[in-house]
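Visitor: I'm new to reading protein models. Could you walk me through one, feature by feature?

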Amino acid sequence: MSALFNFQSALLVLLLLICTSAYCHQLFPAFMDRKKGSAMWGIFWKCARIGERLSLYISICCVIFAVRLFIGA
């Protein structure tokens, strides 16, 4: 089933996008800050900001999804 039709999968994709964007912004901050005006790179820049500012909540969500994945619920 596609991630667009399954709510849990859509949340997982969004969470992975936020975590990946925050990690890439940590590695290449000048590149992402320079490209934040464009439509596609702007989305990654915004996800990186969310990941940086809400890192505690994002981390808790990652742990919850990992536990759910291991349990198989």
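**Reading the surface and the core**

Guide: Let's start outside: the chain exposes about 5700 Å², and carbon and sulfur atoms supply 73% of that. Accessible areas come from the Shrake-Rupley method with a 1.4 Å probe, and for residues only the protein chains shown count as cover. Keep in mind that this is a predicted model, where local features need pLDDT of at least 70 and side-chain atom pairs count only at pLDDT 80 or more, while totals for chains, interfaces and linings use all residues. Residues are numbered from 1 along each chain as its sequence is written, and side-chain values use heavy atoms, leaving out hydrogens and water.

Visitor: How many helices and strands does the chain have?

Guide: Helices (H or I, at least four residues) and strands (E, at least two) are DSSP runs, numbered from the N terminus. Here you get four helices and zero strands. The C-alpha atoms fill a box of roughly 40 × 25 × 15 Å along the principal axes.

Visitor: What span should α4 have, going by its 17 residues?

Guide: The expected span is 1.5 Å times one less than the number of residues. For α4 that gives 24 Å, and its end C-alpha atoms are 24 Å apart, which agrees. Just after α4, G72 takes a positive phi of about 90 degrees.

Visitor: Which residues make up the largest nonpolar core?

Guide: In soluble globular proteins, nonpolar side chains tend to be buried together. A nonpolar core is a set of buried Ala, Val, Leu, Ile, Met, Phe, Trp, Tyr and Cys residues joined through side-chain atoms within 4.5 Å. Buried means under 20% relative accessible area, exposed over 50%, and partly exposed in between (1.4 Å probe, protein chains only). In this chain the largest core has five residues: L15, I18, C47, I58 and F65. Both α1 and α4 (55-71) supply at least two residues of this core. Setting aside neighbours within four places in sequence, L15 is in contact (heavy atoms within 4.5 Å) with I58, C61, C62 and F65.

Visitor: Is F28 buried or exposed?

Guide: F28 is exposed, because its relative accessible area is 52%. The residue sits in the loop between α1 and α2 (29-34). Compare V13 in helix α1, which counts as partly exposed because its relative accessibility is 47%.

Visitor: Which residues form the nonpolar patch on the surface?

Guide: Patches use residues with over 30% relative accessible area and no salt bridge (a side-chain nitrogen of Lys or Arg within 4 Å of a carboxyl oxygen of Asp or Glu), with like charges joined within 9 Å and nonpolar side chains (Val, Leu, Ile, Met, Phe, Trp, Tyr) within 5 Å. Here Y23, L27, F28, F31, M40 and W41 form the patch, with about 640 Å² of accessible area together.
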